[in-house]
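Colleague: Could you take me through one part of this model in detail? I'd like the sheet and the helices that pack on it, with the cut-offs spelled out as you go.

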Amino acid sequence: MIYGREAGIHVSGHASREELKLMHNLIRPKFFIPVHGELHHLHAHARLAEELGMAKERIFIGENGFIFEFTRDRGKIVGRLMNAGAVMVDGLGVGDVGNIVLRDRRQLSQDGILIVVITISRETGKLIAGPDIVSRGFVYVREAEELMVEARNRVYQSIKRCLEEKNYDWATLKVTVKDALDKYLFEQTRRRPMILPIITEC
């Protein structure tokens with residue numbers, strides 16, 4: 001980024017140094033808080049205000065979340081909010097979309113999702129249906145039949161081993177499915193789809 005006194009520099013729609021000086025001279029603020037840009041931009045704007053005759057003690061440089069308090073004659077920084085930054089608006093929800101949700105959406109948009117459906121007998125603890133694999137946004141199943149057949153086979157073998165070892169814990173079975181597919185699919189496609197195992201009992 002280029003900033004300062006260089007002539008003829010396009011400033012992307014933001015005010016240039018001379019325009020900022022004009023605003024200061026027109027408004028003649030009692031207190032001044034430079035905003036927008038990185039910290040060195042704020043300091044550069046503060047120096048400009050000083051050059052125009054504003055007292056240093058009336059210039060306040062803050063960061064996101066700082067709380068300023070002003071009276072008719074004085075101003076000061078009195079604290080800092082804990083939460084500051086972007087607020088996500090999603091449908092009717094405000095601020096309820098967190099980093100994990102955004103990470104999942106990013107992964108879905110890039111590599112798609114594989115849903116693996118398995119049915120286990122409640123009485124015998126044996127695999128009675130599946131694994132069935134549904135692909136959305138990853139590969140078109142009819143054009144990647146060989147890949148999907150091998151993926152099903154790897155899931156089947158890994159689940160079979162777990163059940164033979166009497167390991168019926170669903171959390172463990174789901175991790176086993178993910179582990180069986182993740183490495184294989186990455187080796188074959190250089191993509192990491194979200195893998196969503198669904199285990200049912202009957």
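Modeller: Here is a walk through the sheet, then its helices, then a few single residues and a second helix pair.

First, some housekeeping: this is a predicted model, so local features need pLDDT of at least 70 and side-chain atom pairs count only at pLDDT 80 or more, while totals for chains, interfaces and linings use all residues. Residues are numbered from 1 along each chain as its sequence is written, and side-chain values use heavy atoms, with hydrogens and water left out.

Let's start with the strands. Helices (H or I, at least four residues) and strands (E, at least two) are DSSP runs, numbered from the N terminus. The sheet is an open one of 3 strands, in the order β6-β5-β7, and its pairing is mixed; two strands pair if DSSP finds at least two bridges between them. At the edges stand β6 (127-136) and β7 (194-201), each with a single partner strand, so one side of each has no neighbour in the sheet. On average, neighbouring strands here are turned by 15 degrees against each other, direction ignored.

Now for the pairings. β5 (residues 113-120) pairs with β6 in the antiparallel sense, over 7 bridges. Val117 has Asp132 in β6 as its bridge partner, and Ile113 has Arg136 of β6. The two strands β5 and β6 make a hairpin with 6 residues between them, and Gly125 in the turn has a positive phi of about 70 degrees. On the β7 side, β5 and β7 run parallel and are joined by 8 bridges; Ile118, for instance, is bridged to Ile199 in β7. As for burial, 6 of the 8 residues of β5 are buried, so this strand is largely enclosed by the rest of the structure. Buried means under 20% relative accessible area, exposed means over 50%, and partly exposed is in between (1.4 Å probe, protein chains only).

Next, the helices on the sheet. Helix α4 (residues 145-164) and helix α5 (residues 170-189) pack with their axes 9 Å apart, at an angle of about 150 degrees. Axes are lines fitted to C-alpha atoms, for helices over the stretch in contact, and angles run from 0 to 180 degrees between N-to-C directions. α4 and α5 are therefore roughly antiparallel to each other: angles over 145 degrees get that label, under 35 is roughly parallel, 65 to 115 roughly perpendicular, and the rest oblique. Their crossing is right-handed, meaning that the near helix is turned clockwise from the far one by less than a right angle, with anticlockwise making it left-handed.

The α4 side of that contact includes Leu147, Ala151, Val155, Ile159 and Leu163, and the α5 side includes Leu173, Val177, Leu181, Tyr184 and Gln188; contact means heavy atoms within 4.5 Å. By class, the α4 contact with α5 has 12 nonpolar, 4 polar and 3 charged residues. Here Ala, Val, Leu, Ile, Met, Phe, Trp, Tyr, Cys and Pro count as nonpolar, Asp, Glu, Lys and Arg as charged, and the others, Gly among them, as polar.

Gln188 sits in α5 and is partly exposed, at a relative accessible area of 49%. Its C-alpha atom is 8.0 Å from that of Leu147, although the two are 41 residues apart along the chain.

Back on the sheet, β5 and β6 form an antiparallel pair. α4 packs on the sheet by touching β5 and β6, and its direction makes about 140 degrees with that of β6. α5 packs there too, touching β5 and β7, with its direction at about 145 degrees to that of β7.

Arg152 belongs to α4 and is partly exposed, with a relative accessible area of 27%. Leaving aside neighbours within four places in sequence, Arg152 is in contact with Pro131 and Ile133. The C-alpha atoms of Arg152 and Pro131 are 6.1 Å apart, with 21 residues separating them along the chain.

Finally, the second helix pair. The axes of α1 (residues 17-27) and α2 (residues 39-51) come within 10 Å and cross at roughly 50 degrees, and these helices are therefore oblique to each other. The crossing of α1 and α2 is right-handed. Arg17, Leu20, Lys21 and His24 in α1 meet His45, Leu48, Ala49 and Glu51 in α2, a contact of 3 nonpolar, 2 polar and 3 charged residues. His24 is buried, at 11% relative accessible area; not counting residues up to four places away in sequence, His24 touches Pro29, Phe32, His45, Ala49 and Leu52.
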